Amino acid sequence: MAVWTVFEPEELEEARTGDWAEAVVFVPERFAWSALLLAPLVLLRHGLWLALIGYLALQAGFAAGLHALDVDDGLVLLLVANLAVAVLLPGLRRAKLLRTGHEEIGAVVAPNFEAAEQRYFAARMGSASTLSGTSLPRRMDPPSRADRAPILGLFPEASR
């Protein structure tokens, strides 16, 4: 099962149209295997220009350092930046979406992308069942202050 973080654009939040559904973005919270070998292309595909510039500067620095030190087997060191991109790609995508006006709505756990979409839109539109036919957990409101027991320890009541 994979975890998908869901982002909606803030300006289309009220409208429940096809444009709204197309603008919802699902970010998988997992290791990006494609970025391990093709990091610059993956960064370009997701429009992460600043990350691409940082990646290229880091690779140029590694290459210049390896050349200056006359290291012959420096390929492993050059792959460190690819590994960093593969691990950090979900966080980079989340940061970009937040910067471009998307709001993080929540997370969906599903075996694949299609199931994640179905679960999210079923819950968002008020449907009571998910893909498997089980009901979605309902949000629990915290108990009121009157229902709580007095707090013991270092946190005194507000009335004192």
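**Close-up 1. Arginine 94 and glutamate 29 pair up in a salt bridge.** In this predicted model, their side chains meet at 2.5 Å, N to O (a salt bridge puts a side-chain nitrogen of Lys or Arg within 4 Å of a carboxyl oxygen of Asp or Glu). The pair links distant parts of the chain, 65 residues apart: arginine 94 sits in helix H4, and glutamate 29 in the loop between strand E2 (25–28) and H2. Helices (H or I, at least four residues) and strands (E, at least two) are DSSP runs, numbered from the N terminus. Arginine 94 is partly exposed at 26% relative accessible area, and glutamate 29 is partly exposed at 29%. For these labels, buried is under 20% relative accessible area, exposed is over 50%, and partly exposed is in between (1.4 Å probe, protein chains only).

**Close-up 2. Glutamate 8 and arginine 124 form a salt bridge too.** Here the N to O distance is 3.0 Å. Glutamate 8 belongs to strand E1 (residues 2–9) and arginine 124 to helix H5 (residues 113–124), so the pair ties together parts 116 residues apart in sequence. Glutamate 8 is buried, with just 1% relative accessible area, while arginine 124 is partly exposed at 30%. The structure holds 2 salt bridges.

**Close-up 3. Helices H2 and H4 cross at an oblique angle.** Their axes come within 8 Å and cross at roughly 55°. Axes are lines fitted to C-alpha atoms, for helices over the stretch in contact, with angles from 0 to 180 degrees between N-to-C directions. Under 35 degrees counts as roughly parallel, over 145 as roughly antiparallel, 65 to 115 as roughly perpendicular, and the rest as oblique. Residues of H2 including Ala35, Leu36 and Val42 meet a set in H4 that includes Asn82, Val85 and Leu89.

**Close-up 4. Glutamine 59 is tucked into helix H3 as a buried residue.** H3 spans residues 49–68, and glutamine 59 has a relative accessible area of 16%. Leaving aside neighbours within four places in sequence, glutamine 59 is in contact (heavy atoms within 4.5 Å) with Leu78, Ala81 and Asn82.

**Close-up 5. Leucine 37 is an exposed residue of helix H2.** Leucine 37 has a relative accessible area of 68%.

**Notes on the views.** Residues are numbered from 1 along each chain as its sequence is written, and side-chain values use heavy atoms, leaving out hydrogens and water. As this is a predicted model, local features need pLDDT of at least 70 and side-chain atom pairs count only at pLDDT 80 or more, while totals for chains, interfaces and linings use all residues.
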